[in-house]
Structures are given as structure tokens and as C-alpha cells.
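Open the model in your viewer with side chains switched on. The stops below are given in the order in which to select them.

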Amino acid sequence: MLKRAALSLLLFSIGPALADPLPPLTREGLQALTLAEASIAFQSSAGEHNQTASVAELYKKTLVAGGFPEKSISITRVDNTAYFIMRWPGRNPSLKPLVILGHMDVVAANPSDWTRDPLVPVVEDGYLFGRGAGDMKLSNAMAITALIHLYKHGFTPEREIVLAFSGDEETAMKTGEILAKTLSNASQVLNLDVGGGTLDEETGKPLFYAWSGAEKTYLDVRLSVSDPGGHASEPRTRNAIDVLAQALLKIEAHPFRPELNALTRSYFMNVARFTPPHLAEALRTFAATPDNAKAVSVLRANPLLAGSIGTTCVVTTIKGGHALNALPQQAEANVNCRIFPGHSRLDIIHELKSVVDDPSVRFEDRSAGYVETEASPLNTPFAHAVTQAVQTAYPGVPVFPSMTSSATDSMWFRAAGIPSYGASPIFMKTSDDFSHGLNERVPLSTITPGLHFLLSLIRDLSGKESAPH
């Protein structure tokens, strides 16, 4: 059993909380970095050459080398990917387990578009570059490193700890659903995929940490228009592409109702302390009166905040026509929506149909695999545990809840009634976040405090009193 004093000694051996943005990495930090680099080298994106199962085998090999029994780990293939489960039994089998959740797959990357090969991890200028560096192979590596250290130093959790990694979170999300069904007896989920800390753009010092207690519902809608077409030299009053374009412009101009919930209100009031005056004023005004037109206009103009004040819908793909010299017979587009909690996908489709107001435009829900979820409870021991974890890594840094605008595997657990909280160990500048984009990177300076954070949080959440009430 690892006493609190022993944990403090372990934390000290890893190193003090970072003040210098580029300190040398300790042995434990190098272990996490090396594991992250090795996993980045595998192409774990959907497709013919998917190597997600190889990432799972790498994680298994690392954990077994760290002392965990091989029989405690299972890797299950699903289609061309896989999911991973490791079980660390607790002292009290009557307590429901803590699930530590992540994903092994990444968004596909075209090497010709990148400055560096996305599958060749590079450490340069204080950053780790490579596809999956930030989303989320370094976080996975840090979690594995933290668990190995707790195990080696004699810590025995009160409740079972389950380390679970899905294999298609970026695409079909099928393995996440399987994990939620397999782990339906969980007390709560610690999802390392979302949440995290923000560093000051000028100084690089930590500003605040925001954990996630909810996420928006994902929706893809296919809009399509058909027409007999004809010769391009004989234009007609109706053109399938024109009709679709008019529908899309109406959707672009449609202002969904601004909304608040307890999570976003808290986030706006807290993050206002770290924003320029005009933006801070809009945040506070919106938190008090969400129908304030001026505040709504300011927040909608900010891409980082626009998704937090209500439902959003944007066009992501479009195609139409069949020949350069013919009137189009078909035109279609995909509209991607992120729905504010409390609304169903059907609600939003009905609203879009009303906005377009053209029965010749067909709507098709293409996101049947996603589920709608409510926020996880806020007043639980998790909030105290994550605050303590941040203070261990970055003393004095403010900690508050938020809502995630994207969809994660947490939705499957929340849909099953299992509280799920996003709490990534990563601190970084907003300008450094290239997840899903070109030249993805993550600062090395986040590794040591990230280990502090995880050691504290895992220990607290796996205790007897850690389950939500």
C-alpha cells in the first residue's frame, strides 16, 4: 500500500512542478515520451493499413514490462481496429471500478501536406511533433507511465482500476460503444481525451485548468436535390446546384437560439478573468443574460467560444453535377451539427427543414451511431480530486468545469448512466493546438506536471469515497 508520504516521495522523484517552460525531462518523463514516440510511428488511422492493434500490443508490452500480469490485459480485434482493456483489481471487490479512458486511433494525415512526416515522431524546439501527439498518444503514454509507477511503488487501489482504450473514436466509434457495454458496472469514467490546461501565449505560464462534464451531440445531415437535368446550353429556372446552394446559405445565416447551462455559465464567468476586456465583458454579460444580442455577436465571432453558446451547424462537404456540359441531375452536401445538451437530433433536423422551407430538398440523418446525453453530475468528489491534482502539478492555478463541443467516447458511458469527466493531463497554449490538423505537436513541458496530475488524480479517484453520490 502506498501511503501519502510515499506518494509525495514518488512525486518528488519525478521532479518539481515546472516553472521553466523547457526543463530537462527526468527518467519517468523520458519513459512517457519514448512510449508516445513509439506509438506515433504506427499508422493507427482508419483504412487498409490500420495499425491500431499494434499500438495496443505496444501498450500491453509496456505494462507487462512494468509489472502488470499479462493475464490482466486483453486486446480484442473489431473489423480492422481493436480495443484494449487492462484490469487492476482493487482491495474491495464490492466497489464499482474506476475506468480510465482514451483512444488509440488518430485522424488520417497526408505526409505531403506536412512539414514533417506525421508518422515519424520528431522532438524539436521543445515540442513532440507527429500525428496523435496531442490527440492523444502522449496522454495515453503518461497514463501508462503513471500506473506503472503506482504499481511498482506498492499502491493498491480500493476499487478496481480499468484502463480502456478504444480503436475508432475518430471515425465509427464502434469500439467505444463496446467498451461502455463491457464496463457497464463502472462507478465513473476519467476520460483523458478532453479537458486540460491553458498556458499564457506570451509567458508560457499556466493560466487555468478546465475539466469537462458534458459534451454536445454529434449530427451529420445529408441534404440532397435531384433534377432531370439537360443540356447546359438550355438553362432552366431550376438548377439542382442552385437550389442546394440557396438551402445552405439559409442554414449559414440561421442563428440557433443562444443557450446556457450550469457548466457553460461557470466556464464563462471563470474564463473571463483570462481574456481581453471586450471579450470578458461579453462573457459575463452572456452568463447573466444569454439573449443579449451584443454579447452573442462577440462570442459567435470567436471560433473557440462560438460552439459553447448553443447549437452550431456548418457545411463540411459538397458535390454535384455529372458533366461539364450538362445541367446537374444531383447535388448534395453534408451539414455537421454540434447540438447543445437538451435537444435531440430530430429536433435540429426539424429546425433545419423549417429554415430551408423547400420540400424539394431532402434531409437524411447520417449519424445514427451517435447518442444524445445529458451532463454528468457536477457536485461529486471528482471536482475536488481534479482540483487537488492540478494544485499538485501547478499550485495556485484556477480549476473549473466546462462543456466539450466535440463528441467523445464519454457519450456511450453517459448514455448508460455512468458519470464521465474529461480531464486531460496536457497543458498547452491555444495557438499550439493542432489536433486533427497539420503539424500536430505538444509541448514537452507538459510531461512532468502531467505525471504529477495523473498520480494524484488516479490515487484519489480509485479510493473508497471517490464514487459520485
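This tour of a predicted model goes from the disulfide to aromatic pairs and then to charges over rings.

Start with Cys313 and Cys337, which are joined by a disulfide with an S to S distance of 2.0 Å. The pair links distant parts of the chain: Cys313 belongs to strand β12 (residues 312–320) and Cys337 to strand β14 (residues 330–339), 24 residues apart. Looking along the S-S bond, the angle is 110° and the link is right-handed. Both Cys313 and Cys337 are buried. A search of the whole structure gives one disulfide.

Next, turn to the aromatic rings, which form 20 pairs in the structure. Select Tyr59 and Phe84: the ring centres lie 6.4 Å apart and the planes meet at 90°, so this pair is edge-to-face. Tyr59 is in helix α3 (residues 52–65) and Phe84 in strand β2 (residues 81–88), with their positions 25 residues apart in the chain. Tyr59 is buried, as is Phe84.

Keep Tyr59 and add Phe165. Their pair is tilted, at 5.1 Å centre to centre and 50° between the planes. Here helix α3, holding Tyr59, is linked to strand β6 (residues 161–166), holding Phe165, across 106 residues. Tyr59 has 0% relative accessibility and counts as buried; Phe165, at 1%, is buried too.

For a cluster linked by ring pairs, select Phe208, Tyr267, Phe268, Phe274, Phe286 and Phe400.

Finish with two arginines. Arg116 lies over the face of Phe129, 3.7 Å from the ring centre. Arg441 lies over the face of Tyr127, at 4.8 Å from the ring centre.

Definitions and conventions
Residues numbered from 1 in each chain as written. Predicted model: local features only at pLDDT ≥ 70, side-chain atom pairs only at ≥ 80, totals over all residues. Heavy atoms only, no water. Disulfide = S-S within 2.5 Å. Helix = DSSP H or I, 4+ residues; strand = E, 2+ residues; numbered from the N terminus. Buried < 20%, exposed > 50% of the residue type's maximum accessible area, 1.4 Å probe, protein only. Phe/Tyr/Trp six-rings, centres within 6.5 Å; stacked < 30°, edge-to-face > 60°. Lys NZ or Arg CZ within 6 Å of the ring centre and 35° of its normal.
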